[in-house]
Amino acid sequence: MSTIKTFSVFPKVPASLSFLVTLSRNLWWSWQRDAVELFRRIDPRRWDESHGNPLLFSTMVSQERLEELAADESFLAHLQRVEEAYQREVEAPQDFSQTPYKEKNCIAYFSMEFGIHESLPLFAGGLGVLAGDHLKASSDLCLPLVAVGLLYRHGYFHQYLDQNGWQQEGYLETDLFYLPIHTARNQAGEEVRIAVSGPEGEIRARVWQVRVGRIALYLLDTNIPENPPEIRNITSKLYDGEMRIRLAQEILLGIGGIRALNALGINAKICHMNEGHSAFSVLARLAHCMRTHQVDLSTAMEIVPRTTVFTTHTPVAAGHDEFPAHMVRPYLEPVAAKLGTAVEEILSLGQSPGAGPEAPFSMSILGLRLSQYHNGVSELHGKVARRMWAHAWPGRPEDEIPITHVTNGIHITSWISHQNFRLFENYLGPEWHLQPTTESVVDKIDEIYDEELWNAHQMCRSRLITTCRRLMIKQYEQRNAPKSIMEYAESVLDQDILTIGFARRFATYKRATLLFQDPDRLEALINSPTRPVQFIFAGKAHPKDNEGKELIRRIIEFANRPAVRHRVVFLEDYDINIARYLVRGCDVWLNTPRRPYEACGTSGMKAAINGVLNFSVLDGWWCEGYREDRGWRIGRGEEYDDPHYQDMVESQALYNILENDVIPCFYERKDGTTPTRWIKMMKESMKMAMRDFCSIRMVNEYQQRFYLPIAARHDGLVADRGREARELLARHQRLHRLWHQLSIKPPVRQRSGSLVVGETVEVTAEAFLGELQPEEVAVELYYGPLQSLDRIHPGFTEIMEVRENLGDGRYLYACTIECEVAGRYGFTARITPAGDELLKFDPDFITWA
């Protein structure tokens, strides 16, 4: 059959239940406990069968049941309560006119993946879930934000293991009929479609819209009849392994995403790129800026980077997308024509300094070059990112590379258990989740009775064990396992013993098998007659990562040992649903990355808010979160040159802490009923996660440090056909023309001999500014502890003031520094431009003594 047209049939919903239709088409319900319970109340068994998808669920509910509910006063009262909350949190109008934003849809947030709920399979792992939590918190905070991504018909792969424990991949096509999406339309009510030029012709895409509370998420889809098969395939799979398709996806996300927003009448002032995949968006914004504000490319380059945020999540070099220049060039040729420049100029923006014209094109370098605001996702990751990208700012000390950090956070109501949610409602107040960082609210966690908290946690562990058994039975059924194995699966794990979870992507640096360095010692721990332990593993390896797949196989090999098979399990096809059970029901969350390769690690935060105690290498967020009264650390933050030696040392530390600290603490029952010391640690863990690692704190930090300052500046930059931007450009061009004239002599200390703490010393330096004036530059003393003959770390700066005009463009500068700490110090001097950070950190403008 050459042409098949479709239509959809949904149940006829009685008028009194009509809000159910609205609710099912906005993912706001997914983080509203009362809304989830409303759906479950209709038919608990069928709700579970639908995997919590309201649209699929609606086709499973009989017309008779709907008529019953329409006359059920209790259900209608529950429905009204949810509808009132929806009106309050989603539909209530917001006035941005008195804020720097001025209008709605001011911020555009781009991400390759979004993990909002498992019923919308547009995610692979932590990056997507973080993006989903960003949208939820933005909705809670009423931010004027829209989001852009791609609609993948096959999403990320589904995982299953063969008889030998080797990962296999399967791709299932997503049925759009059961997704809460609708066609995006412009202000005239017309369906929005966009096109991007590619080497094989036009890439046409349809634009869909998903509502995430107040936030609109727009998704581009190339699977439309107008496209030939190879173009339709672009949005088939998330993170396609073929480089050509991956590049087309990122072109579509970046350039197509901006065009989609423009077609919808959305002209965002701020663009936030969640990782480098969407970096092409900056090129599309440059073209749009030129057209909208009638400025040339050079002027647009003074506007767009100053209104762009780039967040990097990847501390591993191989994780940053690079493409051959010859592959990128055909996509950039039409872009270069729109910008009125040579394609080589555009290519150079994504290539390392000094690299040749055929050097690889890096999406991260493009994102860093064309944005003023850059951040990693934890304090340690910020440091790692500065080291990784120092070559993009030659001449700058590593600790001055302009990459800061905003530590990730989790959307608490999406991850907290039903039991803990109710406890928080009872003890912290009904609106605790809207003010999670307020100290007076957080401290009320201490008021929860130990017995209540422990009973709630035991119920979560029980549900986890029940779920593991159900999933294990399903896994073995798919392998046609014999009856004896099926009977074993029905009773696997124990409801009452210490349960340790390890669930994450199976990449080699995450060291999933560090626990198995001494298998006999581990087996003895598991089978202790008085203090036994059980382990639950889950996670996927990338389809092309055979080393990651080998880690899974080794775990399965150990789990098949007859002595431990009842206490070690691996859950296949890890997703958001499985993650919920794990982070709520485990007792300990184990994390063993090779420091410093864990950018953040938000799964540990999700566990912490549920009172699950973290046991981790000091990497990612745990460097900020660790305290001995809320969890355990492996090592003290050491970094090793020899990975085999590191594994040996840290595996021994892991076993020792398990044997001497973790296990005894869990089984310590001084009053005979509850583990008092353990529960105290649970409360400290929950307080930490709520106060310091929630997405409300994270998004607020992005807002205060990036979004609001950008919004406040944007209108001034573009007013009067970019008058301020043109002034910045003139200044920039003047610096380019004259900077080569500048020089500065080595600074001179005005007092010889040794100094003591508390004394001050004056330092002078003679600078030649040529035709530049003192107010156009910043002359700085750079000083700090001397690590070697040519390295100061950490470095500090002191602004030097003009002491004397020596004539002919020469000036004597001076400053005074105070000796605060004993030690051996070094100092030098430099000249940089005066002005904002984009100008100050231009790699062309730095002159050292």
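How far apart should the ends of helix 19 be, given its 29 residues at 1.5 Å a residue? A few notes from going through this one, bearing in mind that the model is predicted.

1. Helix 19 first. With 29 residues (450-478) at 1.5 Å a residue, the expected span is 42 Å, and the end C-alpha atoms are in fact 42 Å apart, so the two agree. Once helix 19 is over, have a look at Asn480: it comes just after the helix and takes a positive phi of about 55°.

2. Two more residues with positive phi deserve a click. His51, not a glycine, has phi at about 55°. It sits in the loop that runs between helix 3 (44-49) and helix 4 (54-58). His51 counts as exposed because its relative accessibility is 56%, and the cut-off is over 50%.

3. Arg721 is the other one: again not a glycine, with a positive phi of about 50°. Here the setting is helix 28 (residues 695-738) rather than a loop. At 51% relative accessibility, Arg721 also counts as exposed.

4. If you are checking omegas, there are cis peptide bonds to look at. One runs from Arg595 to Pro596, with omega near 10°. Pro596 belongs to the loop between strand 18 (588-591) and helix 24 (603-609). Another joins His793 and Pro794, where omega is about -10°. You'll find Pro794 in the loop linking strand 25 (791-792) and strand 26 (796-799).

5. Is His134 buried or exposed? It is part of helix 7 (residues 126-140), and its relative accessibility is 1%, so it counts as buried. Its side chain makes a polar contact of 3.1 Å with the side chain of Tyr707. Setting aside neighbours within four places in sequence, the residues in contact with His134 include Tyr109, Leu145 and His272, along with Met698, Val699 and Tyr702.

6. Gln167 is worth a look too. It lies in strand 4 (residues 167-170) and is buried, with a relative accessible area of 1%. Its side chain has a polar contact of 2.9 Å with that of Gln159. A polar atom of the Gln167 side chain also lies 2.8 Å from the backbone oxygen of Ala541. Beyond four places in sequence, Gln167 touches, among others, Phe157, Tyr160, Leu161, Lys540, His542, Lys549 and Ile552.

7. On to cavities: searching the whole structure gives 4 of 30 Å³ or more. The largest has a volume of about 70 Å³. Its lining is made up of Asp140, Ile410, His411, Ile412, Thr413, His433, Pro436, Cys694, Ser695 and Ile696. Helix 16 (412-415) and helix 28 are the elements that give two or more residues to that lining. Sorted by class, the lining has 5 nonpolar, 4 polar and 1 charged residues.

8. The second largest cavity holds about 60 Å³ of space. Around it are Ser30, Gly115, Ile116, His117, Asp133, Lys136, Ser414, Trp415, Ile576 and Arg580. Two or more of the lining residues come from each of helix 7, helix 16 and helix 23 (576-585). By class, this lining has 3 nonpolar, 4 polar and 3 charged residues.

Definitions and conventions:
Residues are numbered from 1 along each chain as its sequence is written. This is a predicted model: local features need pLDDT of at least 70, side-chain atom pairs count only at pLDDT 80 or more; totals for chains, interfaces and linings use all residues. Side-chain values use heavy atoms; hydrogens and water are left out. Helices (H or I, at least four residues) and strands (E, at least two) are DSSP runs, numbered from the N terminus. The expected span of a helix is 1.5 Å times one less than its number of residues. Buried means under 20% relative accessible area, exposed over 50%, partly exposed in between (1.4 Å probe, protein chains only). A polar contact is a pair of N or O atoms within 3.5 Å; within protein, one must be able to donate a hydrogen and the other to accept it, and residues adjacent in sequence count only if both atoms are side-chain atoms. Contact means heavy atoms within 4.5 Å. On a 1 Å grid over the protein atoms alone, a cavity is a set of points where a 1.4 Å probe fits but cannot get out, and a pocket is an open set with protein on both sides within 12 Å along at least five of seven lines; lining residues have an atom within 4 Å of a point. Grid points are joined across faces, edges and corners, and a volume is the space filled by probe spheres set on the points. Ala, Val, Leu, Ile, Met, Phe, Trp, Tyr, Cys and Pro count as nonpolar, Asp, Glu, Lys and Arg as charged, and the others, Gly among them, as polar.
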